[in-house]
Amino acid sequence: MPVGDLIEVQVFSDEGDPHLTAAVELVSPRNKDRPMPPASAAVSYRATGANEALLLEAWPAPLALGQPLPTLPLWIAADLSVPLDLEASYQATCADLRIRQAG
């Protein structure tokens with residue numbers, strides 16, 4: 001990824017002051033700053049609780065070269081998630097940008 005490019009999915013709550021409630025991140029051995037699976041992974045996060053009892057829940061999914069990207073939960077509320085189909089998003093982006101895929 002070129003320096004300066006950042007791709008992320010963030011979900012903010014609109015109840016009271018806006019705050020980040022969920023995120024999806026692509027993790028590789030180069031950008032890991034927290035304990036995660038040893039291989040590359042896509043990880044969905046959800047913050048639960050409040051103040052001192054704030055917890056971060058994670059749903060890691062391994063990434064393997066040549067395999068489809070996973071579908072992860074994207075939390076849009078404390079008790080509601082929608083499936084985020086990373087493979088479908090990738091395929092649609094390649095088609096929109098006219099990027100030819102190997103295989």
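The following paragraphs lead through a predicted model of a protein, from its overall layout to individual residues.

The protein has 103 residues, of which 22% count as buried, and its secondary structure consists of 1 helix and 6 strands. Read from the N terminus on, these elements follow the order β-β-β-β-β-β-α. That order gives the frame for what comes next, beginning with a pocket and continuing with a charged pair, a surface patch and several residues outside the strands.

The second largest pocket has a volume of about 340 Å³. Its lining is made up of 16 residues, and those that lie nearest the centre of the pocket are S13, H19, T21, A47 and A78. Several strands take part in this lining, for β1 (9–13), β2 (19–27), β3 (41–48) and β5 each supply at least two residues. In chemical character, the lining residues of the second largest pocket divide into 8 nonpolar, 5 polar and 3 charged.

Strand β3, which contributes to that lining, also carries one partner of a charged pair. Side chains of opposite charge can pair when their charged atoms come close. A search of the whole structure finds 1 salt bridge, and the side chains that meet in it are those of R46 and E57, with a distance of 2.5 Å from N to O. This pair links distant parts of the chain, since R46 belongs to strand β3 and E57 to strand β4 (residues 55–62), with their positions 11 residues apart in the numbering. How does each partner stand with respect to the surface, buried or partly exposed? R46 has a relative accessible area of 13% and is therefore buried, the limit being under 20%, whereas E57, with a relative accessible area of 30%, is partly exposed.

Strand β5 leads from the pocket lining to a feature of the surface. I76, which is found in strand β5 (residues 71–77), forms a nonpolar surface patch together with L80 and V82, and the three residues have about 230 Å² of accessible area together. I76 itself has a relative accessible area of 42%, so this residue counts as partly exposed.

Two loops flank strand β5 in the chain, and each holds a residue that can be placed against a position far from it in sequence. L65 has its place in the loop between β4 and β5, and because its relative accessibility is 89%, this residue counts as exposed. The C-alpha atom of L65 is separated by 9.6 Å from that of S40, although the two residues are 25 residues apart along the chain. D79, in turn, lies in the loop between β5 and β6 (80–85), and with a relative accessible area of 71% D79 is exposed. Between the C-alpha atoms of D79 and T48 the separation is 9.8 Å, while along the chain these residues are 31 residues apart.

The last residue to consider lies beyond the helix. R98 is found in the segment after α1 (86–97), and what sets the backbone of R98 apart is a positive phi of about 55 degrees in a residue that is not a glycine. Most residues other than glycine have a negative phi. R98 also counts as exposed, because its relative accessibility is 78%.

How values were computed. Residues numbered from 1 in each chain as written. Predicted model: local features only at pLDDT ≥ 70, side-chain atom pairs only at ≥ 80, totals over all residues. Heavy atoms only, no water. Patch = residues over 30% accessible without salt bridge, like charges linked within 9 Å, V, L, I, M, F, W, Y side chains within 5 Å. Areas by Shrake-Rupley, 256 points an atom, 1.4 Å probe, with all protein chains shown as cover. Salt bridge = Lys/Arg side-chain N within 4 Å of Asp/Glu carboxyl O. Helix = DSSP H or I, 4+ residues; strand = E, 2+ residues; numbered from the N terminus. Buried < 20%, exposed > 50% of the residue type's maximum accessible area, 1.4 Å probe, protein only. 1 Å grid on protein atoms, 1.4 Å probe; cavity = no way out; pocket = protein on both sides within 12 Å on 5 of 7 lines; lining within 4 Å. Points joined across faces, edges and corners; volume = space filled by probe spheres on them. Nonpolar A, V, L, I, M, F, W, Y, C, P; charged D, E, K, R; others polar.
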